[in-house]
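Below are some notes for a colleague who is coming to this structure without having seen it before. Please read them with the model open beside the text.

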Amino acid sequence: NLKPEDRRAIAVVGTRKPNMYGRQVTRDLVTGLVKEGFTIVSGLARGIDGEAHLAAIKAGGRTIAVLAHGLDLIYPPEHRWLAAEVVKFGALVSEFSDGVKIEKYQFVRRNRIIAGMSLGVVVIEGQSRSGTKITARLAGEYGREVFAVPGQVGNVMSQAPAELIQTGAKLVTSVQDILDEFSEYKK
């Protein structure tokens, strides 16, 4: 179920292959955002998305997973248990009817919804050419805040956040960097 408080949503997205740094930063930022009453939105994918949903649940907050297929299918299949937990602590959302199978182009449509239903998008690790960067671009086009967590220089998974920071995304070193942009949404 979607609730009125879900208007205070922040998307957290990133690579499907995070390192330990990316996982820890995701947990720390999501826990801090949940403590401030924000709903966490992501795409239920492997990696950062799954980590964000799980961290929100563990912190006792709300989370919304946007799917790139019908609600009768959970992808990746190893996240069936996570989808069941998300339903208890938020919602699964899709613009696709039951029976719609996964096609590559549908992930961009999913990313559009993630960006559109969030006040801002936090990017944690990703390659230069990635769905993560597409979500950030869409967020910018929709007038949403774009945040990026810096990574290790030379690491391919640091490319998307570094490029976003170079083009105007707000650099994030703590949850306070995000909260500063949303003072009107404080609890």
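Does Phe89 count as buried, exposed or partly exposed?

1. The model discussed here is a predicted one. Phe89 counts as partly exposed, because its relative accessibility is 29% and the partly exposed class lies between the cut-offs of 20% and 50%. This residue is found in the loop between α3 and β4. Although Phe89 and His53 are 36 residues apart in sequence, their C-alpha atoms are 9.5 Å apart in space.

2. The overall frame is an open sheet of seven strands with parallel pairing, and reading across the sheet gives the order β4-β3-β2-β1-β5-β6-β7. The edges are taken by β4 and β7 (170-171), each of which has a single partner strand, so one side of each is left without a neighbour in the sheet.

3. Strand β1, residues 9-14, is mostly covered, with six of its six residues buried. Its side chains divide between two directions: Ala9, Ala11 and Val13 point one way, whereas Ile10, Val12 and Gly14 point the other way, and all of these residues are buried.

4. The neighbours of β1 can be followed residue by residue. Towards strand β2, which covers residues 39-42, the pairing is parallel and is made by three bridges; Ile10 stands opposite Ile40, and Ala11 has Val41 as its bridge partner. Towards strand β5, residues 120-124, the pairing is again in the parallel sense and runs over five bridges, with Ile10 standing opposite Gly120. Ile10 therefore has an opposite residue in β2 as well as one in β5, and its place in the sheet follows from the definition that two strands pair if at least two bridges are found between them.

5. Two β-α-β connections deserve a look. In one of them, β1, helix α1 (residues 20-35) and β2 make a right-handed unit. Further along, strand β3 (residues 63-66) and strand β4 (residues 90-93) run parallel and are joined by four bridges, and Val66 has Val93 in β4 as its bridge partner. The chain passes from β3 to β4 through helix α3, residues 80-88, in a β-α-β crossover that is right-handed.

6. Aromatic side chains come next. The structure holds three aromatic pairs, and ring pairs link Phe38, Phe147 and Phe182 into a cluster. Phe38 also has a charged residue over its face, namely Arg8, at 4.3 Å from the ring centre. A comparable arrangement involves Arg16, which lies over the face of Phe107 at 5.6 Å from the ring centre.

7. Where does the largest pocket draw its lining from? β1, α4 (105-116) and α5 (131-141) each supply at least two residues of that lining. The pocket encloses about 470 Å³ of space and is lined by 21 residues, of which Arg16, Arg110, Ser130, Gly131 and Thr132 lie nearest its centre.

8. Apart from the pocket, there are two cavities of 30 Å³ or more, and the largest cavity has a volume of about 60 Å³. Its lining includes Arg16, Phe107 and Arg110, together with Leu44, Tyr75 and Pro76, among others. Arg16 and Arg110 thus appear in the lining of the largest cavity and also among the residues nearest the centre of the largest pocket.

9. Some backbone details should be checked with care. Most residues other than glycine have a negative phi, and most peptide bonds are trans. The peptide bond from Tyr75 to Pro76, however, is cis, with omega near 0°, and Pro76 lies in the loop between β3 and α3.

10. Two residues other than glycine have a positive phi: for Leu44 the value is near 60°, and for Glu125 it is about 65°. Leu44 lies in the loop between β2 and α2 (48-58), and is buried, with a relative accessible area of 0%. Glu125 has its place in the loop between β5 and α5, and this residue is buried as well, with a relative accessible area of 6%.

How values were computed. Residues numbered from 1 in each chain as written. Predicted model: local features only at pLDDT ≥ 70, side-chain atom pairs only at ≥ 80, totals over all residues. Heavy atoms only, no water. Buried < 20%, exposed > 50% of the residue type's maximum accessible area, 1.4 Å probe, protein only. Right-handed = clockwise from strand over helix to strand, strands pointing away. Phe/Tyr/Trp six-rings, centres within 6.5 Å; stacked < 30°, edge-to-face > 60°. Lys NZ or Arg CZ within 6 Å of the ring centre and 35° of its normal. 1 Å grid on protein atoms, 1.4 Å probe; cavity = no way out; pocket = protein on both sides within 12 Å on 5 of 7 lines; lining within 4 Å. Points joined across faces, edges and corners; volume = space filled by probe spheres on them.
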